[in-house]
Amino acid sequence: MDFAALEDIDGVRLTWNIWPNSKLEATKCVIPFASIYTPNKRLPTMPVLPYEPVPCKQCTAVLNPYARVDFYSKVWICPFCHSRNHFPAHYQGISDNNMPAELYPNYCTIEYTLPKTVPPHPPAYIFLIDTCVSEDELGACKAAIMQAIQTLPEYACVGLVTFGTHVHVYELGFTECSKCFVFRGSKEYTSQQIIEQLGIRGGAPQRPGGPPAAGQPGQATGALQRRFLMPLGECEFTLTTALEELQKDSYPVIATHRPARCTGTAMQVASALLGASVPIGSCAGRILLFVGGPCTEGSGKVVNRELTEEIRSHKDLAKDGAPHYRKAKKFYDGLAAELVAHGHALDIFACALDQVGVAEMKDVVMTTGGLTVQTDTYHNVVFRDSLKRLFAREGEDGFLGLSSNASFEVIPSRDIKVAGLLGPAARVDKKSPYIADVEVGLGGTTTWKLCSLDSETSLALLYEITAAANRDAGDAQANSQFFLQFITRYLHWTGELRCRVTTVTRRWIDGSQVGEVITGFDQEAAAVLMGRLATHKMETEEDFDATRWLDRALIRLAQRFGDYRKDDPQSFNLRPELSFYPQFMFHLRRSPFVQVFGNSPDETAYYRMALFRVAVPDAMVMIQPQLTAYHFNGPPEPVLLDVSSILPERVLLLDAYFYVVVFHGTTIAQWRKAEYHLQPEHVAFAQVLAAPQSEAKEIVRKRFPVPKIVDCYHNGSQARFLLVKLNPSSTYTSATPMSAEVINTDDVSLATFTEHLKRLAVQS
């Protein structure tokens with residue numbers, strides 16, 4: 001089966017595409033039964049219908065191509081609960097030759113346009129800027145924000161909040177001079193107190209000459225619209241003036257102390273302001289946090305001001321030696337719940353050499369579906385281009401297709417229960433008959449809320465097969481198919497309310513037919529799911545050893561589906577459907593998702609958030625980067641992610657998702673240094689140098705966050721970016737090194753890893 005082609009049609013990947021029809025046989029398959037679905041994927045062939053979907057009166061599943069239809073009596077039978085439903089009155093003219101689009105067999109994914117339930121509101125953005133950084137850094141940050149504001153439409157609403165020792169909320173509706181409300185950074189506030197102090201609720205006195213905004217409920221919110229959150233066309237001059245005049249936090253900082261930075265309080269103020277300004281569910285609301293250091297003051301503090309106290313490391317978190325971690329996490333979790341209730345997202349642009357507390361804020365970003373960019377300075381092109389891409393228009397490079405206020409629901413067939421979801425969403429407390437007994441991730445429901453989702457946002461859903469082993473043969477034969485339906489109701493980026501319905505079907509099989517079951521195994525989807533599941537367990541279970549857990553799952557899978565004779569490792573052979581899975585696991589074990597050594601908690605949180613957000617092809621690039629070789633003897637070719645791929649007359653291009661490396665072999669690097677590529681007779685050499693550079697730019701053009709490009713050569717300091725990802729088949733312990741490069745490491749190579757796997761799998 002070509003699973004990638006199926007994904008291009010519906011945006012769905014299943015770890016197993018043929019399911020055993022009993023609970024007992026399902027547990028023997030080792031890898032969980034799961035789907036990875038991209039609800040907002042851009043599908044060029046998908047029709048958008050100008051009417052509402054037709055639901056089943058029993059189970060609320062939507063009419064789809066798998067429903068049995070009686071055109072004579074105008075009745076359809078739901079494939080999920082088998083109940084009979086009458087078509088609504090406007091479907092009376094349907095027949096074999098005149099079918100509605102949702103019954104066409106090739107339209108398994110379809111979108112409906114829904115009537116608006118709340119009056120539309122333009123998108124709203126609050127820029128939340130950290131002023132406790134150097135003048136140089138603040139200047140770069142302001143320049144990038146002003147450049148991004150140029151690309152916003154005039155009707156978009158904007159607000160400005162800055163923070164250092166205190167929080168400053170700018171009144172953009174006041175044009176006579178710069179005016180702002182100040183909140184003390186070290187004081188704890190409730191959202192209600194913030195709203196009252198800003199004079200938003202309770203019939204605030206309206207500024208003379210400021211008429212209430214059209215379509216706003218009541219004068220109070222209308223007056224507010226005129227003050228803190230305003231359409232860009234009306235307040236652009238005030239906003240740019242405020243940004244230009246913005247200066248570094250004026251409070252002096254002692255050399256032995258960190259600056260007083262009240263990030264948590266500022267986030268709470270921005271959240272309360274946005275929540276009170278915009279009717280719930282009416283538009284895309286985002287808080288963009290630009291932060292250049294850790295929170296040291298007030299709620300959400302991650303470290304004290306004294307530089308003698310070091311910021312928490314992984315070791316501190318493991319030994320419970322991080323004094324502020326739990327309290328900060330509790331505060332940010334409360335903030336996340338508030339943002340989810342309003343349907344607003346938080347995006348973090350963390351530009352600092354030190355940690356800023358992303359690990360504590362991780363759940364705010366994850367539950368609201370926000371985006372994160374992490375780099376070392378505001379001058380970095382990664383920050384500038386990523387911010388620009390957030391506001392890209394349709395048709396432009398890197399357009400994200402950001403939609404908002406989505407509710408996502410899954411309806412499975414009989415004998416399938418939903419265990420939970422792993423991805424950027426928030427749980428909705430809604431009872432359902434399809435909930436499994438054992439929860440995984442966001443479980444206990446079949447409905448989730450996504451405050452924000454882009455065209456890459458992917459949700460992993462885990463299922464439990466509940467069928468008993470002794471189903472009679474006739475019943476099993478009659479229902480050899482099972483169905484899954486995903487229903488996403490969301491506010492499209494064009495402002496329309498849409499409902500996307502994807503219905504997929506796969507087949508049941510007798511689980512004892514091992515050879516048949518394995519033909520439906522999707523190695524890539526399974527590797528991505530195991531990556532998400534392992535990192536989730538690392539964060540929620542005490543003393544969880546992810547490497548050991550992944551190894552044991554791999555050994556059990558090899559024992560179940562490998563071909564071998566007992567106690568004879570030489571006879572071990574894996575089927576083609578499983579042949580790449582061990583090397584995926586080898587690279588996953590070495591990846592920054594599982595190995596925290598050498599990474600700060602913030603970096604680990606950043607990598608894991610990205611893994612939980614993207615679709616299968618991108619996640620596979622994170623787990624097992626792609627290596628391409630450019631040389632004189634032919635076109636570019638993919639090569640093994642192995643140290644033996646380094647050759648003197650080769651240029652290598654490594655795509656590791658977060659960065660792209662262009663690596664020049666020894667001879668190529670010397671020729672480049674001698675500038676041979678500038679001489680007319682060496683035009684072929686110039687082409688070999690230019691091809692990987694243009695390919696790297698092509699990769700960068702489409703991706704968010706924008707990857708860093710590393711240009712390096714053999715034995716250069718930057719070559720470590722490539723070496724860390726390669727399989728160390730040739731190390732300092734090798735008897736005869738096999739390649740131009742030798743990696744000084746004690747890590748096992750893929751060959752050793754595979755030998756051990758064979759030996760353990762065939763043990764009786």
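Strands here are DSSP runs of at least two residues, numbered from the N terminus. The model is predicted. Work through the exercises with the structure open.

**Exercise 1. Place Ala 345 in the fold.**

Task: Find the strand that holds Ala 345, decide whether Ala 345 is buried or exposed, and list its contacts beyond four places in sequence.

Solution.
- Step 1. Look up the element. Ala 345 belongs to strand S15, which spans residues 344–351.
- Step 2. Check the accessible area. The relative value for Ala 345 is 1%. Buried means under 20%, so Ala 345 is buried.
- Step 3. Leave aside neighbours within four places in sequence. Ala 345 then contacts Gly 285, Arg 286, Ile 287, Thr 368, Gly 370 and Ser 452.
- Step 4. Try a distance. Asn 715 is 370 residues from Ala 345 along the chain, and their C-alpha atoms are separated by 44 Å.

**Exercise 2. Classify two ring pairs.**

Task: Classify the pair Phe 181 and Phe 228, then the pair Tyr 378 and Phe 383.

Solution.
- Step 1. Know what to read. Two aromatic rings are described by the distance of their centres and the angle of their planes.
- Step 2. Count the pairs. There are 42 aromatic pairs by the rule used here.
- Step 3. Take Phe 181 and Phe 228. Their centres are 5.3 Å apart, with 75° between the planes. Planes over 60 degrees apart count as edge-to-face, and this pair is edge-to-face.
- Step 4. Locate both rings. Phe 181 is in strand S12 (180–184), while Phe 228 is in the loop between helix H5 (218–225) and strand S13 (230–231). The pair therefore ties together parts 47 residues apart in sequence.
- Step 5. Check burial. Phe 228 has a relative accessible area of 0%, so Phe 228 is buried.
- Step 6. Take Tyr 378 and Phe 383. Their ring centres are 5.1 Å apart and the planes stand at 65°, so this pair is edge-to-face too. Both Tyr 378 and Phe 383 are buried.

**Exercise 3. Follow the rings to a core.**

Task: Name the residues in the ring cluster that contains Tyr 581, then place Tyr 581 in a nonpolar core.

Solution.
- Step 1. Trace the ring pairs. They link Trp 16, Trp 19, Phe 33, Tyr 463, Phe 482, Trp 508, Phe 521, Phe 561 and Tyr 581.
- Step 2. Look for a charge over one of these rings. Arg 560 lies over the face of Phe 561, 5.8 Å from the ring centre.
- Step 3. Turn to the core. The largest nonpolar core has 161 residues, and Trp 16, Phe 486 and Tyr 581 touch the most other members.
- Step 4. List contacts of Tyr 581, not counting residues up to four places away in sequence. They are Ile 31, Phe 521, Gln 523, Ala 526, Ala 527, Met 530, Leu 554 and Leu 557.
- Step 5. Look beyond this core. Another core lies apart from it, with 40 residues, including Leu 138 and Tyr 170.

**Exercise 4. Spot the unusual backbone.**

Task: Find what is unusual about the backbone at Val 30, at Lys 74 and between Phe 704 and Pro 705.

Solution.
- Step 1. Recall the usual case. Most residues other than glycine have a negative phi, and most peptide bonds are trans.
- Step 2. Check Val 30. Its phi is positive, about 70°, although Val 30 is not a glycine. Val 30 sits in the loop between helix H2 (23–27) and strand S3 (33–37). Its relative accessibility is 17%, so Val 30 counts as buried.
- Step 3. Check Lys 74. Its phi is also positive, near 55°. Lys 74 is in the loop between strand S5 (68–70) and strand S6 (75–77). With a relative accessible area of 16%, Lys 74 is buried.
- Step 4. Check the peptide bond. From Phe 704 to Pro 705 the bond is cis, with omega near -10°. Pro 705 lies in the loop between helix H20 (683–702) and strand S30 (708–713).

**Exercise 5. Explore Thr 165.**

Task: Which side chain makes a polar contact with the side chain of Thr 165?

Solution.
- Step 1. Place the residue. Thr 165 lies in the loop between strand S10 (157–163) and strand S11 (166–170).
- Step 2. Check burial. The relative accessible area is 12%, so Thr 165 is buried.
- Step 3. Find the partner. The side chain of Asp 249 makes a polar contact of 2.7 Å with that of Thr 165.
- Step 4. Add other contacts beyond four places in sequence. Among them are Cys 132, Gly 185 and Tyr 251.

Key:
Residues are numbered from 1 along each chain as its sequence is written. This is a predicted model: local features need pLDDT of at least 70, side-chain atom pairs count only at pLDDT 80 or more; totals for chains, interfaces and linings use all residues. Side-chain values use heavy atoms; hydrogens and water are left out. Buried means under 20% relative accessible area, exposed over 50%, partly exposed in between (1.4 Å probe, protein chains only). Contact means heavy atoms within 4.5 Å. Rings of Phe, Tyr and Trp (its six-membered ring) pair if their centres lie within 6.5 Å; planes under 30 degrees apart count as stacked, over 60 as edge-to-face and the rest as tilted. A charge sits over a ring if NZ of Lys or CZ of Arg is within 6 Å of the ring centre and within 35 degrees of the ring normal. A polar contact is a pair of N or O atoms within 3.5 Å; within protein, one must be able to donate a hydrogen and the other to accept it, and residues adjacent in sequence count only if both atoms are side-chain atoms. A nonpolar core is a set of buried Ala, Val, Leu, Ile, Met, Phe, Trp, Tyr and Cys residues joined through side-chain atoms within 4.5 Å.
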